[in-house]
Amino acid sequence: MKNVALLVNPTPEGVSKALPMADRIASRLKRKDVAFALYSTQWPTDLKNFTEIWIVGGDGTLNYFLNHYAGNELPLVIFPGGSGNDFHWALYGDIQVEDQVEKVLQGQVQKVDAGICNGLWFINGVGIGFDGAIIHDMMGKSKIAGKASYLLAILKNIVGYTEKSCVTVMDSAIISQECMMISIANGVRYGGDFYVTPKASLTDGLLDINIVGRVPPLHRIKYLPVLEKGEHLDLPFIQYYTSKKVSVSSSHTLHAHLDGEYMASEIFEIEVVPNKIAFVV
């Protein structure tokens with residue numbers, strides 16, 4: 001018998017957005033006579049009595065779960081209740097909440113890869129440089145739902161960000177150059193459907209690395225729609241690789257994000273962990 005822990009994004013902003021969706025999920029579970037417990041502002045310390053964990057939130061909420069329940073082996077379900085829901089899209093596509101409930105109640109467990117960056121788990125991707133500066137700029141501010149929030153931060157930073165000299169070490173290459181951004185991803189998109197690593201797979205045991213070199217500000221504006229569509233791989237300032245391990249270092253402290261959650265460092269040690277996280281799909 002299923003016994004679902006229904007976990008809502010625990011931040012005040014997250015609860016206000018995700019709780020109505022969680023109520024819709026709970027209503028459907030009641031109609032199906034599926035046992036569940038709903039947690040919003042405070043999550044349980046012990047999940048052992050549950051059979052599945054259903055998370056209502058965005059990529060950041062899922063990242064929070066992975067790092068606070070690092071030993072969890074129960075299968076997960078993610079519902080799109082955050083400002084960035086790119087990993088949800090990678091698993092379930094565009095689907096209504098009630099339809100997703102029906103789907104996962106009849107679904108199968110599939111394991112996907114995850115990653116570790118400086119000892120922290122991520123599931124979708126790491127963005128170093130320009131991407132991280134955008135997240136830094138958004139910290140402490142109310143987020144406009146979805147893509148609009150990310151676009152506003154991009155427009156504010158697109159002129160002023162300065163490329164940093166970075167050394168990127170991968171399984172098959174070492175790249176030393178000034179970089180606007182370095183994306184190390186498990187999924188194909190982040191930031192509200194920007195297809196930064198369009199060749200990525202959640203199950204291939206590899207990370208996709210997209211390195212963007214020096215780009216003048218006016219060209220950044222020109223090529224942003226190209227990057228959004230995932231049509232940037234042939235541009236002269238783009239280098240694209242796959243690797244099991246990646247090291248990025250700089251003499252500067254670099255802004256970065258893990259699944260949209262801000263961090264900063266001069267060194268990033270990143271590796272893929274194949275077949276790490278189980279999801280019901």
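User: What does buried mean for a residue in this predicted model?

Analyst: The structure is a predicted model. Relative accessible area is what decides the label, and exposed residues have over 50%. A residue counts as buried when its relative accessible area is under 20%.

User: Which residues of helix H4 are buried?

Analyst: Helix H4 covers residues 97-105. With buried set at under 20% relative accessible area, the buried residues of H4 are Val-97, Gln-100, Val-101, Val-104 and Leu-105.

User: Within what arc do the buried residues of H4 fall, seen down its axis?

Analyst: The buried residues of H4 line one face of the helix. This follows because, seen down the axis of H4, they fall within an arc of 130°.

User: Which elements do the buried residues of H4 pack against?

Analyst: The partners include two helices, H1 and H3 (86-92). The others are strands: E3 (52-57), E4 (76-80) and E14 (261-280).

User: Which helix gives the most to the largest nonpolar core?

Analyst: The largest nonpolar core has 42 residues. Ile-25, Trp-54, Phe-65 and Phe-279 have the most contacts inside this core. Six residues of the core come from one helix, residues 12-31, and that helix is H1.

User: How many residues are in the other core, which lies apart from the largest one?

Analyst: Among the residues of this other core are Cys-117, Met-170, Ala-173 and Leu-254. The core lies apart from the largest one and has 23 residues.

User: Which residues does Phe-65 touch, leaving out those up to four places away in sequence?

Analyst: Phe-65 is among the residues with the most contacts inside the largest core. Leaving out residues up to four places away in sequence, Phe-65 touches Leu-7, Trp-43, Leu-47, Ile-53, Ile-55, Asn-72 and Leu-76.

User: Which helix gives the most to the lining of the largest cavity?

Analyst: A search of the whole structure finds three cavities of 30 Å³ or more, and the largest holds about 200 Å³ of space. Of its 19 lining residues, Met-180, Met-181, Tyr-223, Leu-224 and Leu-227 are the closest to its centre. Helices H5 (130-138), H6 (147-157) and H7 (217-229) each supply at least two residues of this lining. The helix that gives the most, with four residues, is H7.

User: How many residues in the lining of the second largest cavity are nonpolar?

Analyst: The second largest cavity has a volume of about 50 Å³. Phe-65, Leu-66, Tyr-69, Ala-70, Asn-72, Trp-121, Lys-276 and Ile-277 line this cavity. By class, one lining residue is polar and one is charged. The number that are nonpolar is six.

Notes:
Residues numbered from 1 in each chain as written. Predicted model: local features only at pLDDT ≥ 70, side-chain atom pairs only at ≥ 80, totals over all residues. Heavy atoms only, no water. Core = buried A, V, L, I, M, F, W, Y, C linked by side-chain atoms within 4.5 Å. Buried < 20%, exposed > 50% of the residue type's maximum accessible area, 1.4 Å probe, protein only. Contact = heavy atoms within 4.5 Å. Arc of directions from axis to C-beta. 1 Å grid on protein atoms, 1.4 Å probe; cavity = no way out; pocket = protein on both sides within 12 Å on 5 of 7 lines; lining within 4 Å. Points joined across faces, edges and corners; volume = space filled by probe spheres on them. Nonpolar A, V, L, I, M, F, W, Y, C, P; charged D, E, K, R; others polar.
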